[in-house]
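Reader: Could you walk me through some of the packing here? I have the picture open and I'm ready to ask.

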Amino acid sequence: MLQEPAGPNPKKMTAYASPLGATAIYVITGTLWAAFSDVLLLHKFPEAVLFINRLGFILVSGGLFYFLARHHAQTLSDCVAAEQESAATARAFLNAVSEGILVIDQQGRIMEVSPGAEHLFGYSKAELAGRAIEVLLPERFREHHVRHRNDFFINPRTGVVDANLAGQRKDGTEFPARISLSYVPTKDGGHAIALVTDITEQLNTEREARRAETMATLGAIAAGIAHELNNPLAIISSRIELMLATSPDLPPKTHDDLKVLLGTVGRASNIVHDLLALARERPKAWERVDLNALVSRVLLLLGDQIRKDRIQVSVRLDESLPPVSGDRTALEQVLINLMMNARDAMPGGGTIEIETEAMQARPGWVRLMVRDRGCGIAPEEVPKLFNRFYTTKPKGTGLGLWLSQRIIVQHRGHIAVQSELGKGATFEITLPATIEKTPGF
Amino acid sequence: MVDDEIELVETYVRLLEYLGYSCEKACTSPQAFERINAAQPALVLTDVRLNPGDGFEILRHLRAKWPKTPFIVMTAYHNEETAKAASEAGAKAYLRKPFSNAELASAVRTALGTGTQP
């Protein structure tokens, strides 16, 4: 913490400025002086009245002195109080500044450390006092910084240091920092005052804004391309279907070729679908979403489709599940993606298990689980599953799980997978709940 | 069958004719108005984006003259707004391209089964 500014000592000032004490000293000294000098005078001039007059003068002037001294003491007292209040306010302001403030002398030694700086760097003021400022920089910056510091004291200037700087905490971790320098001339040669700001969040925000802008542009391009592809794909798929339906006498090889073409068109359609999903990705007005209702709705949507693939669904829903806040359509998309993956993992058919749960171990959070007993995922593939364009399926686009993870993260949630090759996979989504479930929601 | 892509119109008409329906073709709004007025079809299938014109313009014309004629909206530019507009206009089906022949056939049968001849 910065030292309290030096100021007048109130106790000392009170002793010196006590109007009654000062007046008493004046009256006693004056009386003794008058008595002493007048005794000498009376010796030569016996008119005693002189002493009485002097005594009267001393008492009257003593009264005046008292009132003046009292006024002066009050003024001094007011000044002391104002100065104390001002110092307290300045200290409160300093303590309230979240940025770190460091005072450095011309030798680069740390003279003062604000609470913000203690918090920022993880050192106490005592640990930093007297040490070279470079202790707060990563090794790679230190040598250059010494030169920079010396230059600063030769030619002091106020402003933000125009460089990509980083601070180093006591635990060795780094953070991007913006440094603003000021110079304060003092009797011992001047000090530099450094205002240190951790700009991690600012950089993240800027990065996110740039990413959002890029994604919006890419999304618009993707949407345009995807839409333009839909018509040709529609023509190809429809004509192939028509050929297969209207030409029963096709040679078997031609028939097989057409089936392959139809399957390939289906794959292209999936890519277009995922591209459009990507392009539509944007912040929407959130609503309260009942995950149990969402599961039921998705089952309704996919029911016929997955039944055809000999897939059954086992559902266990927690009736006490609180709602989450989010984009219902996007969350539906996530569940659809997971169910389609589960289906693909069981080409011979099987059961997809879906569970919802209000998490006991983590109050205020809900869990949605999708499990299959299919082919499973190789351990080396698990860390890459959520990567963009990574797919383990011959006809996959590598966008489904990537997009699902993005959606869940946007909902401040988490998605994880556990899998063992040959034994299936379990995808688990955790999301923060909003408020307690209310009847009728 | 109204779509600005003539190949697509030909494709779907071939399918519908294979299924036993008789079809009129149009690629623009003016062509569509002309064919609808002349043929008074039992069902109208229209794309949303036409050049010139748009599918909803055709539907307004249809609703004004033959309010009970059912129609199906098709689009390669699906979005929630278009789907909502199709639903509010009273479309019997909303088909997102590319759709399968089976989906188209099913939608046509459903629309004709519930619609009324003009």
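Author: Sure. A word on angles before we start: they run from 0 to 180 degrees between N-to-C directions, with axes fitted to C-alpha atoms, for helices over the stretch in contact. And keep in mind that this is a predicted model.

Reader: At what angle do helix 10 and helix 11 of chain A pack?

Author: Helix 10 covers residues 328-345 of chain A and helix 11 covers residues 400-410. Their axes lie 9 Å apart, and the crossing is left-handed. The packing angle is about 145°.

Reader: How many residues of that contact are nonpolar?

Author: On the helix 10 side of chain A, Leu331(A), Val334(A) and Asn341(A) are among those taking part, and they meet a helix 11 set including Leu401(A), Ser404(A) and Ile408(A). Nobody in the contact is charged, and four residues are polar. The nonpolar count is seven.

Reader: Over in chain B, which strands are the edges of the open sheet?

Author: That sheet has three strands in the order 1-2-3, with parallel pairing. An edge strand pairs on one side only, and that picks out strand 1 (44-47) and strand 3 (93-96) of chain B.

Reader: What is the average twist from one strand to the next?

Author: Take strand 1 and strand 2 (residues 71-75) of chain B: they run parallel, joined by four bridges, and Val44(B) sits opposite Phe71(B). As for the sheet's twist, the average from one strand to the next is 20°.

Reader: Which helix packs on this sheet?

Author: The one to look for touches strand 1 and strand 2 of chain B. Its direction makes about 155° with that of strand 1. That's helix 3 (residues 55-65) of chain B.

Note on methods. Residues are numbered from 1 along each chain as its sequence is written. Chains are lettered from A and ligands numbered from 1 in the order in which they are written. This is a predicted model: local features need pLDDT of at least 70, side-chain atom pairs count only at pLDDT 80 or more; totals for chains, interfaces and linings use all residues. Side-chain values use heavy atoms; hydrogens and water are left out. Helices (H or I, at least four residues) and strands (E, at least two) are DSSP runs, numbered from the N terminus. A crossing is left-handed if the near helix is turned anticlockwise from the far one by less than a right angle, and right-handed if clockwise. Contact means heavy atoms within 4.5 Å. Ala, Val, Leu, Ile, Met, Phe, Trp, Tyr, Cys and Pro count as nonpolar, Asp, Glu, Lys and Arg as charged, and the others, Gly among them, as polar. Two strands pair if DSSP finds at least two bridges between them.
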